[in-house]
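Trainee: I am new to this structure. Please take me through one part of it closely, the place where protein and DNA meet.

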Protein chains: 2
Amino acid sequence: MAKQRELRVTRQRERGTRAASGPVSAELIEREAIRLFGERTYPVVGMRDISDAVGILPGSLYVHINSKEDLLIKIVERGIRSYLDAIAPIAESEQSATIRLRKAIKAHMLVLATALEQTRVSFHQWTYLSSEHKERVILMRQRYEELFSRILNDGISSGEFRDLSNPRIAVLALIGMLNSATEWYSPTGPLSPEALSEVLADNALIGLQK
Amino acid sequence: MAKQRELRVTRQRERGTRAASGPVSAELIEREAIRLFGERTYPVVGMRDISDAVGILPGSLYVHINSKEDLLIKIVERGIRSYLDAIAPIAESEQSATIRLRKAIKAHMLVLATALEQTRVSFHQWTYLSSEHKERVILMRQRYEELFSRILNDGISSGEFRDLSNPRIAVLALIGMLNSATEWYSPTGPLSPEALSEVLADNALIGLQK
DNA sequence: CCTACCGATCGGTAGG
DNA sequence: CCTACCGATCGGTAGG
């Protein structure tokens, strides 16, 4: 008995990852999956990597979860929802389009900074979902895009923004700029998410020219 | 003999893809690999998918190529090089920073439009390379970033651009915006690459505000 | 949560 | 370029 326990602890140490102890749960598994998918992407992370990270054997994962894809679905949907929840109230508020855009950009960067790896999975790895689940994600992404479209269109109507020849492209370019932060944002870098969001908002609103 | 030939032709038709005939070559294999990696990403495309696409059996691929990773290396390096070749002469020319930036954005969109799938692989899938090759790619990406940094810094010095509080972030955001086109550019869409590049250049230079 | 295992698929090779 | 095959690894399960 004591020996068995020792072996198990050793194995966990060889797997090298889990903090001290605490019970394995679905939440812990999802947390480690977010980290691993975010670092190395869904298709190249094996269930054995995840089981190593939480300190159990591969087959035992299925006591807590249903399938690998189920992990991905949950991560992706929760991730996109956190962006919708943060930005919808801003986009739908009564303030000027200029202020709403600044606030939306700031909210985006704050969510991104507090959930960097989840964002990487949510925005780039939903493509690995099977087609039924992919459709649900596409709908959520459209809602997200519409929030920015609303702000831009309101700003054009009110005369705050110039008459964009193609607002759709402007929205996609703006979102593309924001999402690119998953590739260059560093929590240990010199600029806070707030400071970064000001740089990005200035770029989007004022542009580079003097 | 005739029967064997018939069977082979049938098998190729079942694989369903290859245009008529023509000899299989390393170039053909690379072309199909670009398409498949671009559509579904490197780790989930099997050598059997590639051999099906070119109409031979999996083992026969290795007459023409060395390894799966070798395919990826060639695609990624050729892809990035096409961007460097297009933009370096512009960034290093004697024109104003404003004009150089417009031209660089246009050149970027033209390369992207003529090699959309190769761009997807080059900019997002180099992370699947083993570490030695990854380092080479990182150096090429730095050179690419420096081309835009030069234009922006020149523009600030000359007084064409405003005094950006953080030019590095502005460059990363700009490149992020351009690269996001791999996710939304459609060759069958209404706007030409030239038209798109004008929209993007206006956004980057003038911004959204009136 | 482990033991013990499953069929399927992976990139790649020897020998012709 | 095919035939025939390799060891390794994959996600997942039965039974305790």
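Mentor: Start with DNA strand C. There are 15 residues around this strand, and A:Val63, A:His64, B:Met47, B:Tyr62 and B:Lys68 come nearest. Those names carry both chain letters, A and B. Keep in mind that this is a predicted model.

Now look at what kind of surface strand C faces. Near DNA strand C there are seven nonpolar, five polar and three charged residues. Then turn to the DNA side. Sugar or phosphate supplies 54% of the atoms of DNA strand C within 4 Å of the protein, and bases supply the rest.

Next, the phosphate contacts of strand C. From A:Leu57, a backbone N or O atom lies 2.9 Å from a phosphate oxygen of DNA strand C. A:Ser60 uses its side chain: a polar atom there lies 2.9 Å from a phosphate oxygen of the strand. A:His64, named above among the nearest residues, also has a polar side-chain atom 2.9 Å from a phosphate oxygen of DNA strand C.

Move to DNA strand D. Here 15 residues surround the strand, and the closest are A:Tyr62, A:Lys68, B:Ser60, B:Val63 and B:His64. Of the atoms of DNA strand D that come within 4 Å of the protein, sugar and phosphate account for 54%. The surface near DNA strand D divides into seven nonpolar, five polar and three charged residues.

Strand D has its own phosphate contacts. A polar backbone atom of A:Met47 is 2.8 Å from a phosphate oxygen of DNA strand D. A:Tyr62 places a polar side-chain atom 2.8 Å from a phosphate oxygen of this strand. From chain B, a backbone N or O atom of B:Leu57 lies 2.9 Å from a phosphate oxygen of DNA strand D.

Two threonines deserve a look as well. A:Thr41 sits in the loop between α2 (26-40) and α3 (47-54) of chain A. Its phi is positive, about 80°, although A:Thr41 is not a glycine. A:Thr41 counts as buried because its relative accessible area is 14%, under the 20% limit. In chain B, the loop between α2 (26-40) and α3 (47-54) holds B:Thr41. The phi of B:Thr41 is near 75°, again positive in a residue other than glycine. B:Thr41 has a relative accessible area of 16%, so this residue is buried.

Finish at B:Glu145, in helix α7 (residues 131-158) of chain B. B:Glu145 is a charged residue, yet it counts as buried at 16% relative accessibility. Beyond its sequence neighbours up to four places away, B:Glu145 touches B:Arg168, B:Val171, B:Leu172 and B:Ile175.

Methods. Residues numbered from 1 in each chain as written. Chains lettered and ligands numbered in written order. Predicted model: local features only at pLDDT ≥ 70, side-chain atom pairs only at ≥ 80, totals over all residues. Heavy atoms only, no water. Near = heavy atom within 4 Å. Polar contact = N/O pair within 3.5 Å; in protein donor to acceptor, adjacent residues only side chain to side chain. Helix = DSSP H or I, 4+ residues; strand = E, 2+ residues; numbered from the N terminus. Buried < 20%, exposed > 50% of the residue type's maximum accessible area, 1.4 Å probe, protein only. Contact = heavy atoms within 4.5 Å.
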